[in-house]
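Please examine the protein chain shown below, with attention to its burial, its packing and its open space. A set of questions and answers accompanies it.

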Amino acid sequence: MNERPDQDVMTNPRADRVRKVARLAGRSSRSRDGLFLAEGPQSSREALRAHLGMLGPHPDHDAGPAHAAGGQPSRPEGYTQWIPGRVVESVYLSTRVADRDPELAELVRRAVDRGVMVRWVTDEVLAAMADAVTGQGIITVCHIPDTGAATVLAALPEPRLAAVLCRVQDPGNAGTILRAADASGAGAVVLTAGSVDVFNPKVVRSTAGSLFHVPVVTGVEAATAVGALRDRGLAVLAADGYGSVVLDRPPSGLLAGPTAWLFGNEAQGLSADELALSAERVAVPLYGRAESLNVATAATVCLYASAMAQHAPGGTPA
């Protein structure tokens with residue numbers, strides 16, 4: 001990095017800059033400033049990689065070859081709504097994180113070379129900035145992408161798997177589903193109107209960096225999202241505990257083709273109108289005494305069922 005850690009260290013937890021960063025935990029400040037918090041090494045690492053053009057091409061930016069810090073290719077295919085050079089606004093970190101995570105320190109150094117403001121801070125300052133109760137040694141302030149829902153949906157390169165969160169309101173659930181969608185190879189995640197803000201710091205932490213990997217559409221009506229995905233050739237399935245199709249005994253071919261899954265609100269599930277958008281209602285089987293599954297757990301099971309069917313011989317992998 002360009003700076004020594006003993007130069008210009010931020011030590012005042014009541015400084016104006018500290019308060020401005022801390023206010024990004026609130027939705028009104030995020031909306032006003034167009035910024036959000038990525039806390040901790042993993043989220044910060046992926047934010048920096050997106051900023052450096054290491055997560056794949058953007059249609060408006062020629063990022064060149066995509067390589068991780070270690071020199072390995074890093075998912076260069078597909079669409080990302082994160083424009084290289086316009087992702088990270090500033091980074092605040094402690095020396096202990098830089099010392100124990102050389103890869104992250106190298107990404108920060110490269111970001112400095114790209115003009116990102118980086119400041120060393122004390123643990124007390126980090127605690128005052130952070131939303132998380134337990135400090136994680138680094139906070140990265142990121143720009144909220146200004147790509148609209150219609151733009152993202154139109155730019156998706158023929159997704160084979162998508163997750164549509166219908167009025168999911170718990171930050172941990174939303175973040176976990178987004179992480180599961182990333183892990184299962186999904187090409188898009190949609191949060192409909194009435195869902196939690198995907199840039200809520202609890203959501204961002206729960207994604208463990210996956211927010212920067214999967215195109216995310218927010219604030220659309222379920223019918224609009226389903227229509228766009230259906231136009232791209234995806235069959236629409238609803239995760240419904242009362243569904244007539246059971247996930248461990250699906251009709252032949254149901255899961256092997258391009259699929260969009262609908263997942264409902266934690267307390268109410270999918271509404272009648274949302275259920276009507278699906279071609280099939282699919283239940284996750286319960287073999288024990290639990291009354292039901294948490295929506296994030298059910299979503300993970302459903303997404304992986306589709307992913308495994310698509311990657312089996314004769315499937316259509318994403």
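The questions below concern a predicted model.

Q: How many helices and how many strands does the protein chain have, and what share of its residues is buried?
A: The protein chain has 318 residues, of which 50% are buried. Among its contacts between residues at least 6 apart in sequence, 81% join residues at least 24 apart. The secondary structure comes to 12 helices and 11 strands.

Q: Which elements do the buried residues of helix H3 pack against?
A: Helix H3 spans residues 41–51, and 9 of its 11 residues are buried. The buried residues include Glu46, Ala47 and Ala50. They pack against strand E1 (35–39), strand E2 (88–93), helix H5 (102–113), strand E4 (138–143) and helix H9 (201–207).

Q: Which residue with a positive phi follows H3?
A: H3 covers residues 41–51. The residue that follows H3 has a phi near 75 degrees, and this residue is Gly53.

Q: Which residues touch the most other members of the largest nonpolar core, and which helix gives the largest share of that core?
A: The largest nonpolar core holds 64 residues, and Val91, Leu211, Phe212 and Trp261 touch the most other members. The largest share of this core amounts to 8 residues and comes from H12.

Q: Which residues of H3 does Phe212 touch?
A: Beyond four places in sequence, the contacts of Phe212 include Phe36, Ala38, Leu55, Thr80, Trp82, Val87 and Cys142. Its contacts also include residues that are among the buried members of H3: Ser43, Glu46, Ala47 and Ala50.

Q: How many residues line the largest pocket, and how do they divide into nonpolar, polar and charged?
A: The largest pocket holds about 650 Å³ of space. Strand E11 (280–283) and helix H12 (295–311) each supply at least two residues of its lining. Ala239, Asp240, Gly241, Ser292 and Leu293 lie nearest the centre of this pocket, which is lined by 24 residues. The lining divides into 13 nonpolar, 8 polar and 3 charged residues.

Q: Is Ser278 buried or exposed, and at what relative accessibility?
A: Ser278 is found in the loop between helix H11 (272–275) and E11. Apart from neighbours within four places in sequence, Ser278 is in contact with Val236, Leu237, Ala238 and Leu262. Because the cut-off for burial is under 20%, Ser278 counts as buried, at 14%.

Q: Which backbone oxygen does the side chain of Ser278 reach?
A: Ser278 lies in the loop between H11 and E11. At 3.5 Å, its side chain reaches the backbone oxygen of Glu280.

Q: What is the relative accessible area of Glu266?
A: Glu266 is found in the loop between strand E10 (259–263) and H11. Partly exposed residues fall between the 20% and 50% cut-offs, so Glu266 is partly exposed, at 33%.

Q: Which side chain forms a polar contact with the side chain of Glu266?
A: The C-alpha atoms of Glu266 and Asp170 are separated by 7.7 Å, although these residues are 96 apart along the chain. Among the residues in contact with Glu266 are Arg167, Val168 and Val295. A polar atom of the Glu266 side chain lies 3.1 Å from the backbone nitrogen of Gln169. The side-chain partner, at 3.2 Å, is Asn173.

Methods. Residues numbered from 1 in each chain as written. Predicted model: local features only at pLDDT ≥ 70, side-chain atom pairs only at ≥ 80, totals over all residues. Heavy atoms only, no water. Buried < 20%, exposed > 50% of the residue type's maximum accessible area, 1.4 Å probe, protein only. Helix = DSSP H or I, 4+ residues; strand = E, 2+ residues; numbered from the N terminus. Contact = heavy atoms within 4.5 Å. 1 Å grid on protein atoms, 1.4 Å probe; cavity = no way out; pocket = protein on both sides within 12 Å on 5 of 7 lines; lining within 4 Å. Points joined across faces, edges and corners; volume = space filled by probe spheres on them. Nonpolar A, V, L, I, M, F, W, Y, C, P; charged D, E, K, R; others polar. Core = buried A, V, L, I, M, F, W, Y, C linked by side-chain atoms within 4.5 Å. Polar contact = N/O pair within 3.5 Å; in protein donor to acceptor, adjacent residues only side chain to side chain.
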